[in-house]
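Here are some questions a newcomer might put to a structure, with answers that set each value against its definition.

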Amino acid sequence: MKADLVISNIGQLVTCASGGKAKRGAQMHDIGEIKNAAVAISAGKILAAGPGDEIANSYDATDTHDAGRRAVCPGFVDPHTHIVFAGNRLDEFEQKIKGADYLEILASGGGIISTVRNTRGASVRELVSQTRPRLDKMLSTGTTTCEIKTGYGLDLETEMKMLEAIAESDRTHPVDVVPTFLGAHAVPPEFRENADAYVALICDHMLPQAWRWFTGSLFFGRVPFFCDVFCEKGAFSLQQSRRVLETAKTLGFSLKAHVDEFTNLGGSTMAIQLGSQSIDHLDAISDEEIRSLAGSGTVAIVTPTVNFNFGSSEFANARKLVDAGCALALSTDYNPGSAPCPSQPMAMAIACRYQKLLPAEAMNAATVNAAHSIGLGATHGSIEEGKWADLLILDTDDYRQLAYEFGGNLVSRVIKAGRDVTVPRER
Ligand code: NIG
Ligand code: FE
C-alpha cells in the first residue's frame with residue numbers, strides 16, 4: 001500500500017491508544033508502547049502504527065524519516081488555556097512574591113481585571129500578534145492542539161473580539177484550536193455592585209451572539225464550542241454559574257467549568273449533573289464529588305502549574321482522582337496571572353512530583369485524555385489508525401525523561417497532520 005510518509009526506526013513508540021475512550025484509573029498506566037516501531041501516514045492521517053518490519057513490508061512510502069531509535073509520542077493536547085490577552089502581569093508577580101493573595105488582588109481591581117483593561121484596548125490584530133509567539137512556544141514544547149478561552153473582555157464587544165482572535169489564530173497557526181466562551185470569568189468593574197445584571201447580560205445577549213458567531217465560523221462542524229464559568233468566591237456563585245451553563249447548553253454549547261480552585265461552592269456536582277465535558281482545577285473537590293465524577297462521563301482537568309506558580313505546597317489530589325477511577329487530563333492553564341507556562345512537559349514534571357502521577361499517567365493525561373476533555377477524542381491525542389498524524393520525535397529513547405528532566409526541551413521534531421512544523425530554534 002502507498003503511504004505519503006513512513007517514520008521508521010522508532011526505538012520506543014508511545015501510542016497512548018485508547019480504543020476511542022478516555023482512560024480511567026488503572027488504564028492510565030498503559031501508554032500503548034511498541035518497541036522497534038514505525039508509523040505510516042497518508043493525507044495527514046495515521047494509516048498504521050506497529051512493528052517496524054511489518055510497516056516496512058506493507059507500505060511503499062513516498063517520503064521516509066528515520067527516527068534514529070529515539071522515542072516518538074503523540075503531540076500534546078493542552079485542554080485549558082487563556083492565551084489570547086494583551087500585556088502581562090509582571091508587577092503582580094512581584095506582589096505575589098511579597099505575599100499578596102490572588103483573590104485579594106482580583107477583589108482590589110487587579111489580576112484578571114488588569115488584563116481586561118489591556119485586552120479591551122487592543123485590536124483583533126494586536127491580540128493575534130501577541131498570541132502567535134505563545135502558540136509558537138507551545139508548539140516548540142510539543143503541543144499540537146489546544147483549547148483557548150475568552151474572558152478578558154467581559155463586555156460584548158471585547159468578548160467577540162477575542163473570539164475573532166481565537167479563530168484567526170487557529171487559521172494562521174499550525175496548532176489546532178478549540179474555542180471556549182468564558183464571559184463569566186470575572187465580574188467586570190461596571191457591574192461590581194450587581195453581578196446578577198452581568199449574568200443576565202451574558203445569558204440574554206452575549207451567549208446568543210457568541211453562538212450565532214460560531215455557526216458562521218470556520219470552527220462550525222469541525223470542533224465543539226464550549227461555554228465555561230469561574231465558579232468561585234469573588235467570581236460567580238453556584239446559582240449564577242448554573243444559570244450561565246444552563247443557558248449555554250440550551251443554545252447548543254458544550255460545557256466546562258472552573259470549579260474548586262480555592263473554594264468548594266458545589267460547582268463540581270452542578271457541572272457533572274449538567275453533563276459538562278470537563279471540570280477544571282479541582283483543588284477543593286470533596287470525596288463524594290470524586291465518586292460521582294468517577295461514575296460520570298466528565299473528564300477531570302488538573303492545572304498543577306497554578307499551584308506551582310503560587311509557590312504553594314498544596315495541589316489538587318490527582319492521585320486520588322485516578323485511583324477512584326476518574327478520567328484525568330492535564331493542562332498548563334497558560335495565562336498571564338495564575339500560570340504563565342506554555343509547556344505540557346513542565347506540567348507533567350510538576351504533576352509527577354507534587355501530585356504523585358507516574359510518567360505514564362501524566363503522558364495519557366496530557367494527550368489522549370486531554371483530547372477527550374475538549375471533545376476531540378475521536379480524532380486527536382493518540383497514535384491510532386484514522387487519527388490525525390500529530391506526533392513528536394523526542395531527544396531521548398525513553399518517554400519518561402519528558403517528566404524527569406525539566407527546564408529544557410526534549411521535543412526535537414513536531415509533526416502536525418503529517419507535516420513537519422518544527423519551530424526553528426535560533427542559534
Ligand atoms: O484558570 N481561575 C481563573 N482563571 C484563570 C486565571 C486567569 C488569570 O489570572 O488571568 C485560571 O487560573
Ligand atoms: Fe483557567
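A cavity is a set of grid points where a 1.4 Å probe fits but cannot get out. The model discussed here is predicted.

Q: How many cavities of 30 Å³ or more does the count come to?
A: By this rule, there are three cavities of 30 Å³ or more.

Q: What makes the largest cavity pass the 30 Å³ cut-off?
A: The largest cavity has a volume of about 90 Å³, and the cut-off is 30 Å³ or more. Its lining holds 13 residues, with H82, Y102, H185, N335 and S338 nearest the centre. By class, the lining of the largest cavity has four nonpolar, six polar and three charged residues.

Q: Which residues line the second largest cavity?
A: The lining consists of S140, N409, V411, S412, V414, T422, V423 and R425. Strand β15 (residues 411–416) gives the most, three residues. The volume of the second largest cavity is about 40 Å³.

Q: Why are H80, H82, H258 and D333 called donors of the iron ion (ligand 2)?
A: Donors are N, O and S atoms within 2.8 Å of the metal. NE2 of H80, H82 and H258 and OD of D333 coordinate the iron ion (ligand 2) at 2.1 to 2.8 Å, so they count as donors. Along the chain, the donors follow the spacing H-x1-H-x175-H-x74-D. H82, in the loop between β6 (76–78) and α2 (90–97), and H258, in strand β10 (residues 254–259), are 176 residues apart and link distant parts of the chain.

Q: Are H82 and H258 buried or exposed?
A: Both H82 and H258 are buried, which means under 20% relative accessible area.

Definitions and conventions
Residues are numbered from 1 along each chain as its sequence is written. Chains are lettered from A and ligands numbered from 1 in the order in which they are written. This is a predicted model: local features need pLDDT of at least 70, side-chain atom pairs count only at pLDDT 80 or more; totals for chains, interfaces and linings use all residues. Side-chain values use heavy atoms; hydrogens and water are left out. Donors are N, O and S atoms within 2.8 Å of the metal (3.2 Å for Na, K and Ca); water is not among the atoms, so sites may look incomplete. Helices (H or I, at least four residues) and strands (E, at least two) are DSSP runs, numbered from the N terminus. Buried means under 20% relative accessible area, exposed over 50%, partly exposed in between (1.4 Å probe, protein chains only). On a 1 Å grid over the protein atoms alone, a cavity is a set of points where a 1.4 Å probe fits but cannot get out, and a pocket is an open set with protein on both sides within 12 Å along at least five of seven lines; lining residues have an atom within 4 Å of a point. Grid points are joined across faces, edges and corners, and a volume is the space filled by probe spheres set on the points. Ala, Val, Leu, Ile, Met, Phe, Trp, Tyr, Cys and Pro count as nonpolar, Asp, Glu, Lys and Arg as charged, and the others, Gly among them, as polar.
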